[in-house]
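Here is a short walk through one protein structure, taken a few helices at a time. Keep the 3D view open and find each residue as you read.

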Amino acid sequence: MESAFSPISEACMKALSDKTYEKRKIAASEIEKMVADFNSKKNYPQIRKIIEVLSRELVTSNDSNKKKGGLIALAATSIALQRDIEMFIDEIINPVLNCLMDTDTRVRYFASESLYNVIKVGRASVIPMFPSLFTSLSRLVTDPDQSVKNGSELLDRLLKDVVIESSQHFEMDSFIPLVRERIFAKNSFARQFIISWISVLNSVPDINMIVYLPELLIGLFPMLEDNMLEIQRMCESLLAQFLRMIKVEPSSADIPEMMNVLIIHAQSSNQLVQYTAIAWIKEFVVLAGGNVMGFASGIFIAILPCLAFESDSKKHIKDNAAAVNIHMMELVSSDKDKEQNLKKMDLDSVMEVLRQYLIHSSVPTKIAVLKWIHHLFTEVQEEMSRHAKNLFPVLLRDCLSDSSDEVVLQAIVVLAEIVNSATAKGSNFEHMEYKHFLMELLTLFSENKAFLENRGTLIIRQLCRLLNAEYIYRTFAEILQEETTNLKFVSIMVRTLNTILLTTSDLFDLRNTLRDIREDQSASLFQCLYKCWSHCAVSTVSLCLLAQCYQHVSQIVELFADMELTLDLLVEIDKLVQLIESPIFASLRLALVSHTNNNADAQHLSRALYGILMLLPQTNAFNLLRNRLQCVPNYWGQPMNIDSCSSNESQSQIDFGKLFEHFKQIQDLHRQQRLDQRKKKQF
């Protein structure tokens, strides 16, 4: 009767099940000889029986010694088969793979050793079983036993060699899902295993790993944060290799598919992850050009906060972010493909991101955002017009109140561009968009006195540089004239505007316009300002002196005798005297000795200045003005009947009598308001 273990003898089976390694080894040699003999005779059914018996009776047994014996015997079978192992590869490998998960450490070790020998013989014939081999090996590399782990390393190297030499038969489509399942592993050894395999396959000329990079990138970036420095270095090196390959052959890379992954990791708190992601984004923006414009909002989220980095340790991140910002702006501004690039950009999402970064961001970030907004208004004015409404509150309330002058100035540049865009369709001075902007600005000034004192001059000067200065002053004057309750603020605002008008080089043209009120445009501007300037008596005098209305100045100064000479008024007169000595009023000083207009201007001006002198207490300003007047002819002894028809204002079309009545009415309102306030304080 045939033995149940046929063609293996019972003695051999007993030896394979022995607890001593030496007996199992001798028995395995006997199996090897038997298989070699059957193989030489091509008696394959007997070989298949041997493999079946070894698997059924030993390898799948619950006895660990039997398992060890069976594993050694299967390895011996493989050695005996040599090239013919291909016919039996499944039957040999599958039982061995099962033992790799055994609870017994020694069984797992013998299984890895057995598998090593099988693969060493089988070489290319094991490629069809690669998914199973890879899965088992990925578990083995994290084994807690060091001897098993050491065995897995040898097995891993061998399998890589086999794959490299048989790459033409290797199916990447079966490999990528295996990697995708394991690429998010937290274990450092598992990560090392995955990185090494990707790196090895990337080095094979027949395999183009760039095609599969979108699926790999999302798992590789977290590995840069691994606690093991070696893992970080391996991953960094691998990513650098990929990027170099993409730069050489960008057409093989699906850059848009990878952008979202990069944007996410560019926001990482880990410096290496963040730097690497932004470095990739920088290269992709250059390589892909307009194809990245669809990711503009995400790119801004990634790079804008990095522009604020100040520490040396983050300088490389900041530099790369700044480079990305420049490249993105070039895509929008360059003539080549600009229109197409702008169409690919989701302007609504971009503006939402930019608007958010205007609030609670650092100065460099805000500056970059403001420059982007300005840039977009210049490039896509029509599309940007619908975003102006949402931008206005942030620009006015947040940016203009920023502690940085640079932010304030850049915000005004943006606001000016918005206003210019809004007024491009019409040039009349009553354009609602323009007026609305300046009304909002005045509201801010009225609500925050410190804001007006600290930033008012800076803001108004910058607006006058960027917009039509006459337009600015006319609109301010028209708005302030409508104020009837907060007269104190109007007075302060007029003083501020007047000081800027008389001291700023940027308003040279506006001053020249006001100097010749015989012209209709100048007369119109003068009257508009005068009605508003009437809220501040000294500012009105200054305006009239600038416009060379010296006869009218004399009238106003005479009226000062009936006005309450408050400390504020005397301070303003003191400042006016200082201004008279400035280069801007050089023509005024020359008018004191001029014989034009039959000396009319000179005499009216002299009388006005003497009137101002008499109002002043004997301070430095008094001495300054007195010394000046001592240098001019004495007109007091001359007849009083000055030829008024020859004075500057008489040659204009302005009704100074009407203006004078308006001035007195406004001053009466201020006097009444002061009285009312004093009465309230008493009660």
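## Where H4 meets H5

Leu71, Leu74, Thr77, Ser78 and Leu81 are the residues of H4 that meet H5, and on the H5 side the partners are Ile92, Pro95, Val96 and Cys99. Sorted by class, this contact has seven nonpolar residues, two polar ones and no charged ones. Keep in mind that you're looking at a predicted model.

How are the two helices arranged? H4 covers residues 64-81 and H5 covers residues 89-99, and they pack at an angle of about 150 degrees, with their axes 10 Å apart. Angles over 145 degrees count as roughly antiparallel, and H4 and H5 are therefore roughly antiparallel to each other. The crossing of H4 with H5 is left-handed.

## Another pair: H11 and H12

Now jump along the chain to helix H11 (residues 213-223) and helix H12 (residues 229-248). Their packing angle is about 145 degrees, and their axes are 10 Å apart. H11 and H12 also make a left-handed crossing.

From H11, the residues in this contact are Leu213, Leu217, Leu220 and Met223, and they meet Ile231, Gln232, Cys235, Leu238, Leu239, Phe242 and Ile246 of H12. By class, that makes 10 nonpolar residues, one polar and no charged.

## The nonpolar core

Which residues touch the most other members of the largest nonpolar core? That core has 245 residues, and the answer is Leu220, Trp280, Ile299, Leu376, Tyr473 and Phe526.

Take a look at tryptophan 280. Setting aside neighbours within four places in sequence, Trp280 is in contact with Leu213, Leu217, Leu239, Phe242, Leu243, Ile246, Met258 and Leu262. You've already met some of these: Leu213 and Leu217 sit on the H11 side of the contact with H12, while Leu239, Phe242 and Ile246 sit on the H12 side.

## Two enclosed helices

Why is helix H15 (residues 296-303) described as largely enclosed by the rest of the structure? It's because seven of its eight residues are buried. Those seven are Ala296, Ser297, Gly298, Ile299, Phe300, Ala302 and Ile303. They pack against several helices: H13 (255-265), H14 (271-288), H16 (315-333), H18 (347-357) and H19 (363-379).

Helix H29 (residues 537-546) has 10 of its 10 residues buried, so H29 is largely enclosed too. Its buried residues include Ser539, Thr540 and Ser542, along with Val541, Leu543 and Cys544. Just after H29, glutamine 548 takes a positive phi of about 60 degrees.

## Histidine 535, in a loop

Is histidine 535 buried or exposed? This residue is found in the loop between helix H28 (520-533) and H29. Its relative accessible area is 5%, and buried means under 20%, so His535 counts as buried.

What does histidine 535 touch, not counting residues up to four places away in sequence? The list is Leu480, Leu487, Val490, Ser491, Val494, Ile666, Gln667 and His670.

## Cysteine 12, back at H1

Finish with cysteine 12, which lies in helix H1 (residues 10-16). Cys12 is buried, with a relative accessible area of 1%. Beyond residues up to four places away in sequence, Cys12 touches Ala27, Glu30 and Ile31.

Try finding cysteine 12 and methionine 258 in the same view. They are 246 residues apart in sequence and 59 Å apart in space, C-alpha to C-alpha. Met258 is also one of the contacts of tryptophan 280.

Definitions and conventions
Residues are numbered from 1 along each chain as its sequence is written. This is a predicted model: local features need pLDDT of at least 70, side-chain atom pairs count only at pLDDT 80 or more; totals for chains, interfaces and linings use all residues. Side-chain values use heavy atoms; hydrogens and water are left out. Buried means under 20% relative accessible area, exposed over 50%, partly exposed in between (1.4 Å probe, protein chains only). Helices (H or I, at least four residues) and strands (E, at least two) are DSSP runs, numbered from the N terminus. Contact means heavy atoms within 4.5 Å. A nonpolar core is a set of buried Ala, Val, Leu, Ile, Met, Phe, Trp, Tyr and Cys residues joined through side-chain atoms within 4.5 Å. Axes are lines fitted to C-alpha atoms, for helices over the stretch in contact, and angles run from 0 to 180 degrees between N-to-C directions. Angles under 35 degrees count as roughly parallel, over 145 as roughly antiparallel, 65 to 115 as roughly perpendicular and the rest as oblique. A crossing is left-handed if the near helix is turned anticlockwise from the far one by less than a right angle, and right-handed if clockwise. Ala, Val, Leu, Ile, Met, Phe, Trp, Tyr, Cys and Pro count as nonpolar, Asp, Glu, Lys and Arg as charged, and the others, Gly among them, as polar.
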